[in-house]
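Could you walk me through how this protein and its DNA fit together? Let's take it in turns, question by question.

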Amino acid sequence: MSVLDELFEQALSKKSVFRDKKYLSVDYIPDELPHREEEILRLANILVSILRDSRPSNIFEYGPVGTGKTAVTKLVLKKLSEKAEKAGIRFRYAYINCRFFRTNYRALVKVAMELGLRIPRTGLPVDVILSLITRKLEENYRFLLVVFDEIDWLVKYSGDDILYQFTRLNSELNKSEISLIGITNDTRFREYLDARVLSSLSEETVVFQPYNQEQLYDILLQRARLAFREGVIDDEAIRYAAAIAARDGDARRAIDLLRVAGEIADRSGDFKVTVDHVVQASEEVERNIIREIISILPPNQQLLLLAIAGLSKLSRNKITTGKVKHVFDWILSQIGKQPITLRRINDYLAELETLGIISSTIVSFGRHGRTRIIKLEIPVEIIENILTKDPLYSELYSELIRTIISP
DNA sequence: CTTCCACCGGAAGTACCGGTAA
DNA sequence: TTACCGGTACTTCCGGTGGAAG
């Protein structure tokens, strides 16, 4: 039997600690969301006007990561559209995660697709799509609700044009009406918005607070009962996972932790999930997040990160933009590429900073100019570990360590 | 007090790509 | 086929700017 066969056979025959892992996945939304009853009611109270044939207010939802904004919204909308359908109200909603649809055009196409229109991913002018949407609306629907999740990504990339268009659209529609929901965890989001858009978007505001430890425990208990087989998970382990995630009140992290702990238990052939597994899981989850972020970076940004890693390894002086540019250009020349302008490198650095990989402060050295001092927020070893998996990067990196002397 | 360094970061422009419609 | 559309990735241009040196 081959190694592969053996692995698969083992998976089939071996008892897993899981009954059904899907209850611990990000996509699963339970019918009951513990400790979000208030928010659910708030939202439902606003949206219920659809059932009374009147347009609900636009809603702005704000709260940190993993506080249930998306789950609450999806849950309420699901129930609402069930009721609306039974009552014969022609209501439709479009859910857009702006992290993945971050240009005006793509967001618009997503709305069109949710309305059942078949639209090419590119090639058409914006106003054509807008008029297709309005026609479809007028013909088929009384209410449209557009949910812009992680709306800050859309606005930062493409401005608030599309939001403005949507808020204005109502005056052009006769038989249909549109409402918007904007969801964000960015505290400073309001600053990016045009005043008109901001005021119309936040007709109603719902704020989500982080979960505390007991609340997280309740959430995990609910999920664990569904996802794990009877008696395989220690209460202790659940409490521990809740405690870790309570540091930032993030329920998504808590649920991830439990799932990974279960996977680790399975892998090591244990029949129970213990605190120990959760401890291991918390390290693994952390590593995976970093690995995921770095590995999907565009090649140029990976190379830039390599340059920063090299610099932080061998110079005890502060890392400045100028030095980074110097080393980065060297790397590019090694692989036969043209140097890249400082302006663009600044953009790279800004992106790495928003991802939390680096941090920086602008410092003035008087006569010696003003520059950014860059600091890695992740241990160099981890970055080396991830990037030097690629033989090309590995070779470049050791060459870099050997040859570059701080300028 | 003025200078001037070494950048910062907004705005606009260029080049190329994959796509549509006629 | 051609004219046009929007996305992506980058460049060019350029008006700032904190604070030690002069």
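**The protein and its two DNA strands**

Helix H16 gives three residues to the surface near DNA strand C, the largest share from any element. This is a predicted model, in which local features need pLDDT of at least 70 and side-chain atom pairs count only at pLDDT 80 or more, while totals for chains, interfaces and linings use all residues. Residues are numbered from 1 along each chain as its sequence is written, chains are lettered from A and ligands numbered from 1 in the order in which they are written, and side-chain values use heavy atoms, with hydrogens and water left out.

Me: Which elements give two or more residues to the surface near DNA strand C?
Reply: A phosphate oxygen of that strand lies 2.4 Å from a polar side-chain atom of threonine 341. Elements here are DSSP runs numbered from the N terminus, helices (H or I) having at least four residues and strands (E) at least two. The elements asked for are helix H4 (104–114) and helix H16 (342–354).

Me: What share of the atoms of DNA strand C within 4 Å of the protein belongs to sugar or phosphate?
Reply: A residue is near a strand if one of its heavy atoms lies within 4 Å of it. There are 20 residues around DNA strand C, and Thr103, Val126, Asn300, Thr341 and Arg344 come nearest. Bases make up the rest of the strand's atoms in that range, and the sugar or phosphate share is 73%.

Me: Which residue has a polar backbone atom 3.2 Å from a base nitrogen of DNA strand C?
Reply: Polar contacts to the DNA are pairs of N or O atoms within 3.5 Å. Asparagine 300 reaches a phosphate oxygen of DNA strand C at 2.8 Å through a side-chain N or O atom. The base nitrogen, in contrast, is approached by the backbone of glycine 366.

Me: What fraction of the atoms of DNA strand B within 4 Å of the protein is sugar and phosphate?
Reply: DNA strand B is surrounded by 18 residues, with Thr321, Asn346, Arg367, Gly369 and Arg372 the closest. Of its atoms that come within 4 Å of the protein, sugar and phosphate account for 67%.

Me: Which residue places a polar backbone atom 3.4 Å from a base nitrogen of DNA strand B?
Reply: Asparagine 346 uses a polar side-chain atom, 2.8 Å from a phosphate oxygen of this strand. Glycine 322 has a backbone N or O atom 3.3 Å from a sugar or linking oxygen. The base nitrogen contact belongs to arginine 370.

Me: Which strand supplies at least two residues of the surface near DNA strand B?
Reply: Helix H15 (321–334) and H16 each supply at least two residues there. The strand that does so too is E8 (370–376).

Me: How many residues apart are glutamate 203 and arginine 55?
Reply: These two form a salt bridge (a side-chain nitrogen of Lys or Arg within 4 Å of a carboxyl oxygen of Asp or Glu), with their closest N and O atoms 3.9 Å apart. Glutamate 203 sits in the loop between helix H9 (195–201) and strand E5 (204–207), and arginine 55 in the loop between helix H2 (37–47) and strand E1 (59–62). The pair links distant parts of the chain, and the separation is 148 residues.

How values were computed
Polar contact = N/O pair within 3.5 Å; in protein donor to acceptor, adjacent residues only side chain to side chain.
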